[in-house]
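Reader: I'm new to this one. Could you walk me through it, one bit at a time?

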Amino acid sequence: MKIPLNIYMVGIGGIGMSALAQYLKHTGKRVSGSDRDESPVVAMLRERDIQVVIGHGDVPAGTELLIYSDAIPSSNSERVQAKGRGIPEMSYFEALGEISRTARTIAVAGTHGKTTTTGMLAKILQDADKEPTAIVGSIVRDFGSNFLAGSPDLFVIEACEYRDHVLKLSPEILVITNIELDHTDYFPDLAALQETFRRAAEKVPAHGFIVTNPELLNVESILKNVRARVIDYTKMAVGTLTLLGEFNRENARAALAAAHAAFPLLSLEAGVKSLSKFQGSWRRFEYKGETPQGALVYDDYAHHPTAIAKTIEAARQKFPGKKIVIAFHPHLYSRTKSLLNEFAEALATADYAIVAPIYAAREELDPSVSSAILASAATQLGGSVVALDSFDQIRDELLKEDPSSLIITMGAGDIYKVAEQIAGE
């Protein structure tokens, strides 16, 4: 359907929804919405003259389309109102698919690194004067936003495999950074997850490109029947980055390969220069400051065992000799339960780890898994890991660390608030 003028967005403070809201306003739409809580993203939207109400009340008169976040169930009061009043609804990814349907689209998918890769790719294309419109899953420091305004004919979109959302998009170029089991509340096993990626890869047209590492075991099998040309991003050379870790070098290679696939005449040297200046994004090993005792404080979005382990490894390389202290906020009962052993192994690699109560998000309480169970499993593997019952307790524990320590708050929930508290005291 054609996107109308007056749009109301439920869950507008979500990182993807807020980028879409900015895009719609940029194109002349009248946009407002609601969200559950105040947040830095909500504050950013208000600064951009997008009205946001906290809590769910009445859908404004004159609303012609309601767009909802995937975290918003059909029983939500505003969605019920919209249905009763005959107001059409779209999910976030349905709306993304519609706005990009006639444009040349580069979609960035994968279990790890897609946010950073999307930001890097947008930066390369922006510096090359290609005027990309970018929708990114975090606030990119280089843009000061999760949205980059550009041409309506070129989109760079962070995609997501959860609930097959990536299949709502029609990319000419599909980047797959890597594939590991995740979103276990939807995908029962790795094969089911691979099936979604296989379908996404096979949708890419014959004149398009799939940018990936075809040697990865979980990726190789999904490429057997694709029509598009497969480009191996590992062949790219990227030079020096400001971001730490080999995983970010992989992200940079994928971004550069995608940019070159889209624009073969684009200077690789210029692309490497753009990558060398890329500043990263919110909650990706983001420096927050120091505690009153002098411990360094960083915050990171890592919420999967592989990301946790790689971030700890990269921190050790950058800060040799530091005591690595992790405050981890598990995200979803289903993910924590399905990957419990893997989480335990990752947390055990820290010198000291604190586990916060599980962030339920869209899920109901599952008493069969808890932060205490996770901490116990990590301890049995030789880790120094404890579970604490509140952010206040975690804050007080972290404030005991001295200048020999590097503190990293981690998780997809709101554990970043603890980093802000201890670095701001």
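Reader: In what order do the strands of the seven-stranded open sheet run?

Author: First, a word on the source: this is a predicted model, where local features need pLDDT of at least 70, side-chain atom pairs count only at pLDDT 80 or more, and totals for chains, interfaces and linings use all residues. Residues are numbered from 1 along each chain as its sequence is written, and side-chain values use heavy atoms, with hydrogens and water left out. Strands here are DSSP runs of E, at least two residues long, and helices are runs of H or I of at least four, numbered from the N terminus; two strands pair if DSSP finds at least two bridges between them. The pairing in this open sheet is mixed, and the order is S8-S7-S9-S6-S10-S11-S12.

Reader: Which strands stand at the edges of that sheet?

Author: Look for strands with a single partner strand, because one side of each is then left without a neighbour in the sheet. The ones at the edges are S8 (145-148) and S12 (229-232).

Reader: Which residue in S9 does Val108 stand opposite?

Author: Strand S6 (residues 104-109) pairs with strand S9 (residues 154-158) in the parallel sense, over five bridges. Opposite Val108 in S9 stands Glu158.

Reader: On to helix H15: how wide is the arc that holds its buried residues?

Author: Buried means under 20% relative accessible area, with a 1.4 Å probe and protein chains only. In H15 (residues 416-424) the buried residues are Tyr416, Val418, Ala419, Ile422 and Ala423. They line one face of the helix, because seen down the axis (by the directions from the helix axis to the C-beta atoms) they fall within an arc of 150°.

Reader: Which elements do those buried residues of H15 pack against?

Author: Contact means heavy atoms within 4.5 Å. By that rule, the buried residues of H15 pack against helix H2 (40-47), strand S13 (286-290), strand S14 (296-300), helix H14 (391-398) and strand S18 (405-411).

Reader: Is His331 buried or exposed?

Author: His331 sits in the loop between strand S15 (323-329) and helix H11 (333-338). Leaving aside neighbours within four places in sequence, His331 is in contact with His303, Thr336, Tyr359, Ala361, Ala412 and Gly413. With a relative accessible area of 12%, His331 is buried.

Reader: And how far apart in space are His331 and Pro357, C-alpha to C-alpha?

Author: In sequence, His331 and Pro357 are 26 residues apart. In space, C-alpha to C-alpha, the distance between His331 and Pro357 is 9.2 Å.

Terms used. Buried < 20%, exposed > 50% of the residue type's maximum accessible area, 1.4 Å probe, protein only.
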